[in-house]
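Got your viewer open? Take me along for a short walk through this one, selection by selection.

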Amino acid sequence: MSEVPEFGKKRKRVEEADSATDKDEKANSSINVLDTTNVAVSEDGKISAEEANRAPSQDSKKEPFVTAEDDRSKLGKEYCDTTEKGEVGASENPRLENRKRTRDSEPDSEHVPAKKTHTEAVAAHYNKLEEVGLEQRSMSRIFYLRNFNNWIKSVLIGEFLDKVRQRKQNITVLDLGCGKGGDLLKWRKGRISKLVCTDIAEISVQQCKQRYMDMRNRGRSNDRIFSAEFITADSTKELLSKKYSDRNMCFDICSCQFVYHYSFETYEQADMMLKNACERLCHGGYFIGTTPDSYELVKRLEASQTDSFGNEVYTVKFQKKGEYPLFGCKYDFNLEGVVNVPEFLVYFPLLVEMARKYGMKLVYRKTFREFYEEKIKNEEHKMLLKQMQALEQYPADEHSKLVSNTKDDYEYAEGCKNDEKMKLPLGTLSKSEWEATSIYLIFAFEKQL
């Protein structure tokens, strides 16, 4: 089955913005066939890491974007000097601002229940998510989207485990924001020695531990399965090193998948999350993860006529359009049946600066699209894509139906059917699913001396 992700065309205003900010690409170029992999991809909407950090050209007047050199009125009144923890973002000390916010928001009556903090709301949301079986998951509208994201994580984790294994065999991992244990099998496949799983949601941690115990019990007597410990904690406010069974434990990899953006409520929380992720990394260790791409989010918002954007699969709604502070830039993210919780914009150049405090150097950053285009050239990764059912078969066979009833969702795949280089059936993501997953990027930091 040929892989043809439906890299859906964005709305007209976003296409115009692309042509205005990227002079190296033809405005009307829509399809690029990669002959070496027999994979077709659409070119519209591509944003490289370099472009995301580049100031827009002077003649680009149609769409404003967030870039490293963009107007400070949109990105915060001052840049963050992370060498001085107190001097962040705006001209006032954020601690004083936070105290003022807390004081101003205190209820007049002691009988009024205290409002949940953001982290408590996140924990409550994930604690309420029920565990469902494979059969029910396969009926989800976003079945292939979730599998695609899982494939992204699998390839990322495998790649950096291989890097570590080049110099040592006994690998210790911190899964920061482990959830219900969705990556346990990846760690088992990676033949690690020790795993520490931590999450803010207590029920999720319990389910993660139960998954681990089930995995051990199902294994054969001669199977080598890593040892593990499980910690319930708010990694944006609590120091994890005080909770480890071995207070001197160090990690070769810290994996933080779809989680770090919750910490960008304040500088202190983002810094604590980084400290937990990086302080105990060994020399040459890696902090890897996935997070929403702030450039892509703001680009889509500015192209929208309202303070929100999305489709039948996902929606993103900002509190205010046109103002994007360095910390506390909250937006509501909804992904069908999985996520419905506020998140915070992560201004990535700022994250890079903050990570230097802990001896971390950025060594890898790619959008999901860029990562896919690179890794699909590897036959092993290509086979894993099929094994994980990360792409939907198009056209559907007589015993199944497509996940989307919207014809436009498969316009690109339909156009590829007549390409002699493509063998039917094709593998694709619907346009709606691709628009949802393409808001993310991958990152990796390496611990320096």
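Start by selecting residues 267-278 and 348-355, which are helix 10 and helix 12. This is a predicted model, so keep that in mind as you click around. The axes of helix 10 and helix 12 come within 10 Å and cross at roughly 60°. That angle makes helix 10 oblique to helix 12, and the crossing is right-handed.

Now show side chains where the two helices meet. Helix 10 brings Tyr267, Ala270, Asp271 and Leu274 to the contact, while helix 12 brings Leu351, Met354 and Ala355. Sorted by class, the contact of helix 10 with helix 12 has six nonpolar residues, one charged and no polar ones.

Next stop: the aromatic rings. How many aromatic pairs does a search of the whole structure find? The count is 27. Pick phenylalanine 287 and phenylalanine 443 to begin with: their ring centres sit 5.2 Å apart with the planes at 65°. Planes over 60 degrees apart count as edge-to-face, so that is the label for the pair of phenylalanine 287 and phenylalanine 443.

Colour the strands and you'll find phenylalanine 287 in strand 8 (residues 281-292) and phenylalanine 443 in strand 16 (residues 440-447). The pair therefore ties together parts that are 156 residues apart in sequence. Buried or exposed? Phenylalanine 287 has 0% relative accessibility and counts as buried; phenylalanine 443, at 0% relative accessibility, counts as buried too.

Stay with strand 16 and select tyrosine 440, then add phenylalanine 368 from helix 13 (residues 368-375). The ring centres of phenylalanine 368 and tyrosine 440 are 5.7 Å apart and the planes are at 35°, so this pair is tilted. It links parts that are 72 residues apart in sequence. Both phenylalanine 368 and tyrosine 440 are buried.

To see the wider network, select Tyr260, Phe264, Tyr267, Phe287, Phe327, Phe348, Phe443 and Phe445 together: ring pairs link these residues into a cluster. You've met some of them already, including Tyr267 from the helix 10 contact and Phe287 from the edge-to-face pair.

Last selection: glutamate 159, which sits in helix 7 (residues 143-165). What is its relative accessibility? Glutamate 159 comes in at 17%, so it counts as buried. Show its surroundings and, leaving aside residues up to four places away in sequence, you'll see glutamate 159 touching Tyr364, Phe371 and Lys375.

Conventions:
Residues are numbered from 1 along each chain as its sequence is written. This is a predicted model: local features need pLDDT of at least 70, side-chain atom pairs count only at pLDDT 80 or more; totals for chains, interfaces and linings use all residues. Side-chain values use heavy atoms; hydrogens and water are left out. Axes are lines fitted to C-alpha atoms, for helices over the stretch in contact, and angles run from 0 to 180 degrees between N-to-C directions. Helices (H or I, at least four residues) and strands (E, at least two) are DSSP runs, numbered from the N terminus. Angles under 35 degrees count as roughly parallel, over 145 as roughly antiparallel, 65 to 115 as roughly perpendicular and the rest as oblique. A crossing is left-handed if the near helix is turned anticlockwise from the far one by less than a right angle, and right-handed if clockwise. Contact means heavy atoms within 4.5 Å. Ala, Val, Leu, Ile, Met, Phe, Trp, Tyr, Cys and Pro count as nonpolar, Asp, Glu, Lys and Arg as charged, and the others, Gly among them, as polar. Rings of Phe, Tyr and Trp (its six-membered ring) pair if their centres lie within 6.5 Å; planes under 30 degrees apart count as stacked, over 60 as edge-to-face and the rest as tilted. Buried means under 20% relative accessible area, exposed over 50%, partly exposed in between (1.4 Å probe, protein chains only).
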